[in-house]
Amino acid sequence: MKKLLLCLCALVVLDAQADVQITDDLGRSVTLTQPAQRVVSLVPHATELLYYIQAQDALIATVRFADYPEAAKAITRVGDYNTVNTEAILTLQPDLIIAYPDAPNRAQVDRLVALGMPVFFSDPQSFDSIATALRDFGQLTGHNESAEAAAHDFETGIHTLADQFAERSELSVFYEVWHQPIYTLNGDSYISDVIALCGGRNVFAELPVISPQISIETVLAADPDVIVTDQGDQWLQWSRLRAVQHNALIQADSERLHRPTPSLLTAATQLCADLDRIRAAYGD
């Protein structure tokens with residue numbers, strides 16, 4: 001019996017020391033010898049996700065615009081979307097760096113990879129991948145239980161909205177990311193999923209690039225029922241548009257909606273309510 005207990009204890013110790021191995025959003029296998037205790041987040045959404053899974057104590061540095069929740073503003077900054085201070089990062093001796101694959105600072109991040117730093121690239125672009133990111137970060141930091149709870153709450157919130165708006169009449173929606181020049185999002189973005197969740201149809205879902213630049217003429221040809229934009233006044237001159245004629249210009253909560261984190265649920269709920277208001281204006 002004593003030998004059996006010793007064997008079981010040995011197995012527990014070995015399991016605790018086992019490598020953490022996760023595949024990142026570039027399909028790279030990232031291996032840690034133990035859960036990370038010193039994390040540098042080079043992506044605002046990753047910083048927020050670490051708070052959601054209660055792993056903020058491991059967060060030693062982040063980047064500009066990582067400002068949610070409020071406590072994140074006090075974290076040391078080591079750069080931004082365009083450039084990062086590699087020397088400062090190396091001095092901090094992180095055991096995990098979380099980065100965005102398509103940022104202009106990618107070349108600097110690749111140098112950190114070449115120096116042997118463990119880098120996990122994060123780019124969640126769907127509801128499922130946001131939940132996966134929560135669980136992945138939980139494994140990477142040893143916060144599996146709280147990460148699972150956060151992922152479950154997020155999935156439940158998404159399903160609740162889906163059930164609530166499942167029977168709504170469809171509205172065609174143009175989502176404007178930027179106005180000069182005009183940028184939108186295709187169907188590969190989680191924001192397009194939010195539109196569908198609310199009973200809308202992204203009119204530019206079929207475009208091949210995730211964030212394509214389009215022209216005024218393209219929008220006029222699509223003639224959407226709804227325009228979601230931060231520049232509503234700019235569209236009033238195009239009175240031939242159905243969205244302008246029916247006062248169907250929505251200013252969404254882009255600060256939350258543009259974050260692939262559970263906080264987008266608040267913005268999604270508001271967008272769904274706004275689309276319902278516009279349905280009433282159309283008489284649906």
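**Reading the terms in this model**

Trainee: How many disulfides are counted here?

Mentor: The count comes to one disulfide, the term being reserved for a pair of cysteine sulfur atoms within 2.5 Å. This is a predicted model, in which local features need pLDDT of at least 70 and side-chain atom pairs count only at pLDDT 80 or more, whereas totals for chains, interfaces and linings use all residues. Residues are numbered from 1 along each chain as its sequence is written, and side-chain values use heavy atoms, with hydrogens and water left out.

Trainee: What makes Cys 198 and Cys 272 a disulfide?

Mentor: Their sulfur atoms are 2.0 Å apart, and the pair therefore meets the cut-off for a disulfide. The torsion about the S-S bond of Cys 198 and Cys 272 is about -80 degrees, so the disulfide is left-handed.

Trainee: Which parts does the pair tie together?

Mentor: Cys 198 belongs to the loop between α7 and β9 and Cys 272 to helix α12, so parts 74 residues apart in sequence are joined. Helices (H or I, at least four residues) and strands (E, at least two) are DSSP runs, numbered from the N terminus. Both Cys 198 and Cys 272 are buried.

Trainee: Why is Gln 108 called buried?

Mentor: Buried means under 20% relative accessible area, exposed over 50%, and partly exposed in between (1.4 Å probe, protein chains only). Gln 108 has 15% and is therefore buried. This residue is found in helix α4 (residues 106–114). Leaving aside residues up to four places away in sequence, Gln 108 touches Asn 82, Thr 83, Val 84 and Thr 86, contact meaning heavy atoms within 4.5 Å.

Trainee: Is Ala 281 buried or partly exposed, and what is the value?

Mentor: Ala 281 has a relative accessible area of 48% and is therefore partly exposed. Ala 281 lies in helix α12.

Trainee: Why are α6 and α12 called roughly parallel?

Mentor: Angles under 35 degrees count as roughly parallel, over 145 as roughly antiparallel, 65 to 115 as roughly perpendicular and the rest as oblique. The axes of α6 (residues 144–164) and α12 (residues 264–282) cross at roughly 5 degrees and come within 11 Å; the two helices are therefore roughly parallel to each other. Axes are lines fitted to C-alpha atoms, for helices over the stretch in contact, and angles run from 0 to 180 degrees between N-to-C directions.

Trainee: Which residues make the contact?

Mentor: Helix α6 contributes Phe 154, Gly 157, Ile 158 and Leu 161, and α12 contributes Leu 264, Leu 265, Ala 268, Thr 269 and Cys 272. By class, seven are nonpolar, two polar and none charged. Ala, Val, Leu, Ile, Met, Phe, Trp, Tyr, Cys and Pro count as nonpolar, Asp, Glu, Lys and Arg as charged, and the others, Gly among them, as polar.

Trainee: How do you know that β1 and β2 pair?

Mentor: Two strands pair if DSSP finds at least two bridges between them. Strands β1 (residues 20–23) and β2 have four bridges in the antiparallel sense, and the pair therefore satisfies the rule. In β2, Leu 32 is the bridge partner of Val 20.

Trainee: What makes the side chains of β2 alternate?

Mentor: Along β2 (residues 29–32), Val 30 and Leu 32 point to one face and are buried, whereas Ser 29 and Thr 31 point to the other and are not.
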